[in-house]
Amino acid sequence: MSIINQRFLQALRCEPLDRPPIWLMRQAGRYLPEYLQTRAAAGSFMNLCRNADLASEVAMQPLRRYQLDAAILFSDILTIPDAMGLELEFVAGEGPVFNKPIRTDRDIHALPEQGVLEKLDYVFAVVRAMREKIGAQLPIIGFSGSPWTLACYMLEGQGTRDFATARRWLWQRPDAVQLLLDKLSQQVIDYLAAQADAGVDVLMLFDTWGGLLDEQNYRDFSLRSMRKVIQGLRQQHGLDLPVMLFSKGCHSQVEAMIEADCQGIGLDWRANIDTVMAQVNGRVAVQGNLDPTSLLADTDKIEPIIRSRFQNVVRKPGYIFNLGHGLLPATNPDSVSQAIATVHALAAEQG
Ligand code: 1CP
């Protein structure tokens, strides 16, 4: 399908543009009253993810409010471990919990390698429903958690502050962790390829917990498995869709990420966007990196914040405007409008 709004795809090829493409991590979510209403109708977050009508509806909600240049699949990164039998639950106020986390090497050996994709059919149904609603208008981003970030939740059993249990495994049982990452990499390859078959245009790996690792472990465990995923997509499935890596807290590893053969890298808010854009110099696209807490400032403060951070990059080839992490539930939707309008104005002034 030939997508009408090519801006995001052009930026991923580092082509010059009159303004950067704009999309926002967690653009569909709890800061929107209409999202909360739809989630309530679904009964729970996982019910929402499993209902193609409602999940595609919430993916459309931010597109109706804002001039965004990409849609993102509405789902979660923890769908793969759930389909592998760990039994995901979202406990109110506590976030994701696995009823059957990995406790021993034996649990890793016992993880299924067959039959996982079939259990994820509901995700591909959401992609198809989104495509039906969006038509050719916008590109759709498909995604997965990175193998390491999935392993973090599987070894820990839930989200924690520093994933100390998962990190301890790395030092105590590195071979077992590599086996886990290899098994996950193959699942991620097949999962992303199936999303591509269902109609997504760009693939993104969320490596939210890559930044918990020291440099060597980041390369040996997290980045190594993401590189495997990219190679698998290309070699096993013959796919040439652009792939973006978002390793939160890893901007000192940009060179290694580029070597992993990705087309774009996401930066969190701690990176200096000017410095990284200069360093990358058009070899891959760079996405980011507004601090999501900045959108909690008074709405009239948003414009000067955006101007001070992004004035030098809005016309640079390969720049994609986004946050440095997901939109927070407390965000005022009007502040999001203000941020987007300011990016438009900044780019227009430089025309
Ligand atoms: O209560 C609710 O309605 C659920 C909130 C929610 C939402 C809206 C969760 C639970 N997941 C999502 C959707 C989601 N998750 C998307 C959809 C599309 C969009 O961006 O608009 C995406 C891409 C994710 C990815 C995701 N889930 C990540 C990676 C990105 C990131 O934010 O770092 C992670 C770490 C998760 C796990 C997860 N899912 C949900 C929560 C609250 C969490 C984080 C828990 C923790 O802090 O460990």
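Colleague: What makes the pair formed by the side chain of Arg39 and the ligand a polar contact?

Modeller: An N or O atom in the side chain of Arg39 is 2.4 Å from an oxygen atom of the ligand. A polar contact is a pair of N or O atoms within 3.5 Å, so this pair qualifies. The side chain of His325 likewise places an N or O atom 2.6 Å from a ligand oxygen. Of the ligand's 900 Å² exposed when taken alone, the protein buries 87% (areas by the Shrake-Rupley method with a 1.4 Å probe).

The model is predicted: local features need pLDDT of at least 70, side-chain atom pairs pLDDT 80 or more, while totals for chains, interfaces and linings use all residues. Residues are numbered from 1 along each chain as its sequence is written, and side-chain values use heavy atoms, without hydrogens and water.

Colleague: How do you know that strand 2 and strand 3 pair?

Modeller: Pairing requires that DSSP find at least two bridges between two strands; four join strand 2 (residues 88-91) to strand 3 (residues 95-98), so the two strands pair, in the antiparallel sense. Strands here are DSSP runs of E, at least two residues long, numbered from the N terminus. Glu89 stands opposite Val97, and three residues separate the strands of this hairpin, with Gly93 in the turn at a positive phi of about 80°.

Colleague: Why are strand 1 and strand 9 said to stand at the edges of their sheet?

Modeller: The open sheet has seven strands in the order 1-4-5-6-7-8-9, with parallel pairing. Strand 1 (71-72) and strand 9 (319-323) each have a single partner strand, so one side of each lacks a neighbour in the sheet.

Conventions
A polar contact is a pair of N or O atoms within 3.5 Å; within protein, one must be able to donate a hydrogen and the other to accept it, and residues adjacent in sequence count only if both atoms are side-chain atoms.
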